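Colleague: I'd like to learn how to read a few features here. Could you walk me through them?

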Amino acid sequence: MARQLKTNTKIDDFIAKVINEAHHHASAVERVIKPLSDEVRNRLDLSVDTIAVYERNGQLARTCWVVLSGKRYVFSYNYSKKQIVLRDHTLRGRERFSFDNNTPLTDIVGEVAKL
C-alpha cells in the first residue's frame, strides 16, 4: 500500500527519515538523497503532481512514487548495487538512472530535468 505525502512538511519528514536510515544502513547513498530530493521538488507542483511512499504495517518504507506532469516514476534502493534506482512507472519499469554518493550534481540535475 502507498501513502500519499500531500504537504511539504510530510515530504520533509520522509526525506529526513530516509537520510537517517541511510546513515545507518545505506551509507553509499546517504549524501545523494538531499540533492536528488531537492531537484525533484523543484519540479514538483503539489496542486497537480503527487508523491506516494510505500507503507508496510503502518510504517513508511523507502520506495517512493512520483507523478510529474502526468508521468509516474519510482525511486527505490537497490541493495546489491547500493544505489537509488529511478524507474519508469513501476518497480519493474525501465531503469532510467542509478544514483549514489559519487553521482555528480550535474547528472542529478540533468536526469531529473528529463522527467
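Colleague: Which backbone oxygen lies 3.2 Å from a polar atom of the side chain of Arg87?

Modeller: A polar contact is a pair of N or O atoms within 3.5 Å; within protein, one must be able to donate a hydrogen and the other to accept it, and residues adjacent in sequence count only if both atoms are side-chain atoms. Here, the partner of the Arg87 side chain is the backbone oxygen of Leu91. Mind that this is a predicted model: local features need pLDDT of at least 70, side-chain atom pairs count only at pLDDT 80 or more, and totals for chains, interfaces and linings use all residues. Residues are numbered from 1 along each chain as its sequence is written, and side-chain values use heavy atoms, leaving out hydrogens and water.

Colleague: Is Arg87 buried or exposed?

Modeller: Buried means under 20% relative accessible area, exposed over 50%, partly exposed in between (1.4 Å probe, protein chains only). Arg87 has 18% relative accessibility, so it counts as buried.

Colleague: And how many aromatic pairs does the structure hold?

Modeller: Rings of Phe, Tyr and Trp (its six-membered ring) pair if their centres lie within 6.5 Å; planes under 30 degrees apart count as stacked, over 60 as edge-to-face and the rest as tilted. There are two such pairs. Tyr77 and Tyr79 sit edge-to-face, 4.8 Å centre to centre with 85 degrees between the planes. Phe97 and Phe99 make a tilted pair, at 4.9 Å and 55 degrees.

Colleague: How buried or exposed are Phe97 and Phe99?

Modeller: Phe97 is partly exposed at 21%, whereas Phe99, at 0%, is buried.
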